[in-house]
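Trainee: Could you pick one part of this model and take me through it slowly, with every term explained as it comes up?

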Amino acid sequence: MKFAVQTGGPAERIGLDPAYRLIADIGFDAVDANVDHLLSYGDIMHKRIPDIFLGSDRDVVEAFRPWGEAAKKYGLENYQAHAPFPSLVYDPDDPAYNDLLLEILRKRS
């Protein structure tokens, strides 16, 4: 059994690398990478999508590389990651917006 803790709170307060170090030092085996903290409910509902989610597949992988590097550096596993929520927003005036949200989900999974 692996014990994991979320990265969102610590990463937002002290930075990604120090958060992973702290999580490892405390004795956790894995992290639940809170990618959902980068794209909030309000952002989704108001169509404010951060650039980190809008690049090519290669761009997105590169943007999230620090999560993988921090995990490897401190002997942790990125065991779970929360997708942005909601993942479906009905807007009859902008039906393509759901396609964009689904593409974002595909890229980060």
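Mentor: What follows looks at helix 5 and its surroundings, starting from the whole chain.

This is a predicted model, in which local features need pLDDT of at least 70 and side-chain atom pairs count only at pLDDT 80 or more, while totals for chains, interfaces and linings use all residues. Residues are numbered from 1 along each chain as its sequence is written, and side-chain values use heavy atoms, with hydrogens and water left out.

The protein chain contains six helices and three strands, where helices (H or I, at least four residues) and strands (E, at least two) are DSSP runs numbered from the N terminus. Read from the N terminus on, these elements follow the order β-α-α-β-α-α-α-β-α. Of the 109 residues in the protein chain, 34% are buried; buried means under 20% relative accessible area, exposed means over 50%, and partly exposed lies in between, with a 1.4 Å probe and protein chains only.

In helix 5, the buried residues are W67, A70 and A71. Seen down the helix axis, these buried residues fall within an arc of 100°, so they line one face of helix 5; the arc is that of the directions from the helix axis to the C-beta atoms. The face turned away from this buried side carries the exposed residues K72 and K73. After helix 5 comes G75, whose phi is positive, near 70°.

To see what surrounds the buried face, turn to Y20, which is in contact with W67, A70 and A71, among others, contact meaning heavy atoms within 4.5 Å. Leaving aside neighbours within four places in sequence, the contacts of Y20 also include V31, A33, Y74 and L76. Y20 is listed, together with I49, F53 and L76, among the residues with the most contacts inside the largest nonpolar core, which has 21 residues; such a core is a set of buried Ala, Val, Leu, Ile, Met, Phe, Trp, Tyr and Cys residues joined through side-chain atoms within 4.5 Å. At least two residues of this core come from each of helix 2, strand 2 (30–33), helix 5 (65–73) and helix 6 (96–108). In soluble globular proteins, nonpolar side chains tend to be buried together.

A residue of helix 2 offers a contrast. L22 is found in helix 2 (residues 16–26), and L22 is partly exposed, with a relative accessible area of 40%.
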